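User: I'd like a close look at one part of this model, and then a walk outward from there. Could you take me through it step by step?

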Amino acid sequence: PPVPTPPRQGFCSLRYGLALIMHFSNFTMITQRVSLSIAIIAMVNSTQQHGPANASTEGPLPDPLSNRSRALRDFNTRAAVYQWSPETQGIIFSSISYGIILTLIPSGYLAGVMGAKQILGAGLLTSSLLTLFTPLAADFGVILVIVIRTVQGMAQGMAWTGQFTIWAKWAPPLERSKLTSIAGSGAAFGSFIILCVGGLISQALGWPFIFYIFGSIGCVCCVLWFTVIYDDPMHHPCISTREKNHIVSSLAQQPSSPRRSVPIKAMVRCLPLWAIFMGFFSHFWLCTIIITYLPTYISTVLHVNIRDSGVLSSLPFVAASSCTILGGQVADFLLSRNLLSLLAVRKVFSFLGLFLPSLCAVALPFVTSSYITTIILLILIPGTSNFCDSGFIINTLDIAPRYASFLMGISRGFGLTAGIISSTTTGFLISQVGHVLEHLQVAGIVLGIENVPCALEDGFKHMLFMQTSPSDSGRSSGFSGKEN
């Protein structure tokens, strides 16, 4: 039957309010995840921290109030300068990723069984409290920091994957791209904010306040989450009758009865699911390398100072956030006007999101003589890659809405595995080059050469195997996301 026409309330509706709260939640989690990457520069660099104190003794004596303020700032800034080797720092950084991997699949399953509101809320609250505790934990030793980061990763793994369980019950088919893109863009926007203000907070207040501020923001977000978010529109006390009827009628073909056991064997034989998994693998492969090497590439190849490097490093995430929302709007516009079928929209955005950033990555090391061209390419890589958010990333909602969170956990597991392999492989290959400029140019070539075949292969797989309905995906495998 035809999908009902959406009501005209649009962005004033409750479901868009939920999308904004999820945007805020994703913003919070990514800032908490990246906070240590910003703070660790001050935590381990004793020369940088003692510089201002020494310099102040050579100038005229400040007034007592200024002296007291400076003393407090210097205490906060110098409070923790740790002798952590680069190897130790690497373990600390990677520990949160291992924690996320541990809970991706179990939390996706539990979100469908117990309710996404409780699972996601608990993960967000745990991550926020551990962020507040991180400065104190650092004083107790590096082992406790690693443990906290691992548990924090487990908590964020719970919060990332369960979101699709909510959208399976809240997002009408013609609005899925819009709603999920608004929610998902919070991660890119959070990366932009933490890169812009993290260093300023560290300089003005001291590095512990990076954790205090963003941990506190997370606690505020938890209050909003448990107050406003409900697992389905039928039980929300504030939803209008018109909006409730629209959502329920548009999702009438999707399952609403209690879950049975997950059909693992049928999923393994389902080619559309493997196309999604390979899409995640390729997408995370490129994104991980860009996030890892972008600040160093800008400061070394482009010879930009540290202050301006932070601003330039944040610009690609503005593009990523904007393209995520723009892609969702365009995708749903094409669907609502019947310009393209749902299957065609998912395939087009998947291919563009995999292939375009790979082409930019291949071109990157060959245009280093042009400052403007290099910056444009660096902005386009994460920007165009986020077209995937309207492609295979939400395709599980199309082919198996009932198991969306469980499948999202597996998909992100493939993505995180790709991130670990890509960063390790790239680091090994570029370590064979001695000069730092050549080192980074090889990194640019490697990330392009390694990802283009993946993008081409995954693009063709999506053209061949991607489906948009449970019946299509289950036809050859016995797997279906609908009730029988």
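What is the relative accessible area of N245, and how does that class it? Please start with the helix that holds N245 and carry on from there.

Analyst: Happy to. N245 has a relative accessible area of 46%; that value falls between the 20% limit for buried and the 50% limit for exposed, so N245 is partly exposed. Please keep in mind that this is a predicted model. N245 belongs to helix α10. Its C-alpha atom is separated by 9.1 Å from that of M234, and the two residues are 11 apart along the chain.

Helix α10 covers residues 241–250 and also carries E243, which makes a good next stop. Unlike the partly exposed N245, E243 is buried, and so is R15. The side chains of R15 and E243 meet in a salt bridge, with an N to O distance of 3.0 Å. This pair ties together distant parts of the chain, since R15 sits in helix α1 and E243 in helix α10, 228 residues apart.

R15 has another partner. Its side chain also forms a salt bridge with that of E175, at 2.7 Å from N to O. Here too the link spans distant parts of the chain: R15 is in helix α1, while E175 is in the loop between α7 and α8, 160 residues away. How buried are these two? R15 has a relative accessible area of 1% and E175 has 4%; as the limit for buried is under 20%, so both count as buried. Taken together, R15, E175 and E243 are linked in a network of salt bridges. The structure holds two salt bridges.

The loop with E175 follows α7, so let's turn to that helix. I166 is found in α7, and at 0% relative accessibility I166 counts as buried. In space I166 lies 8.1 Å from Y230, C-alpha to C-alpha, although 64 residues separate them in sequence.

Helix α7 also brings us to the nonpolar interior. In soluble globular proteins, nonpolar side chains tend to be buried together. The largest nonpolar core of this model has 50 residues, and W167, W170, L273, I393 and L407 are the members that touch the most others. Helices α1, α5, α7, α8, α12, α16 and α17 each supply at least two residues of this core. Helix α12 gives the most, with eight residues. A second, separate core has 19 residues, among them M43, I92, W207 and F211.

One of the core contributors, α5, deserves a look of its own. With 25 residues (116–140) at 1.5 Å a residue, α5 should span 36 Å, and its end C-alpha atoms are 35 Å apart, which agrees. There is a bend of about 50° at T134, with a proline, P135, following within four residues. After α5 comes G141, which has a positive phi near 130°.

Next along the chain is α6, residues 142–161. Its 20 residues reach 29 Å from first to last C-alpha, close to the expected 28 Å. The buried residues of α6 are V145, I148, R149, Q152, G153, A155, Q156, G157, A159, W160 and T161. An α-helix has 3.6 residues a turn, so residues three or four places apart point the same way.

Helix α15 (residues 371–385) can be checked in the same manner: its 15 residues should span 21 Å at 1.5 Å a residue, and the end C-alpha atoms are 22 Å apart, which agrees. Buried in α15 are T374, I375, L377, L378, I381, P382, G383, T384 and S385.

Let's finish on the surface. A nonpolar patch of about 530 Å² is made by F333, L339, L340, V348, L352, L356 and L359. Helix α14 (residues 342–363) gives the most to this patch, with four residues. One of the patch residues, V348, has its place in α14 and is partly exposed, with a relative accessible area of 35%. Patch members need over 30%, so V348 passes that cut-off.

In the loop between α13 and α14 lies N338, which has a positive phi of about 60° although it is not a glycine. At a relative accessible area of 67%, N338 is exposed, in contrast to the partly exposed N245 where we began.

Terms used. Residues are numbered from 1 along each chain as its sequence is written. This is a predicted model: local features need pLDDT of at least 70, side-chain atom pairs count only at pLDDT 80 or more; totals for chains, interfaces and linings use all residues. Side-chain values use heavy atoms; hydrogens and water are left out. The expected span of a helix is 1.5 Å times one less than its number of residues. The bend at a residue is the angle between axes fitted to the seven residues ending there and the seven starting there. Patches are made of residues with over 30% relative accessible area and no salt bridge: like charges are joined within 9 Å, nonpolar side chains (Val, Leu, Ile, Met, Phe, Trp, Tyr) within 5 Å. Accessible areas come from the Shrake-Rupley method with a 1.4 Å probe; for residues, only the protein chains shown count as cover. A salt bridge is a side-chain nitrogen of Lys or Arg within 4 Å of a carboxyl oxygen of Asp or Glu. Buried means under 20% relative accessible area, exposed over 50%, partly exposed in between (1.4 Å probe, protein chains only). A nonpolar core is a set of buried Ala, Val, Leu, Ile, Met, Phe, Trp, Tyr and Cys residues joined through side-chain atoms within 4.5 Å.
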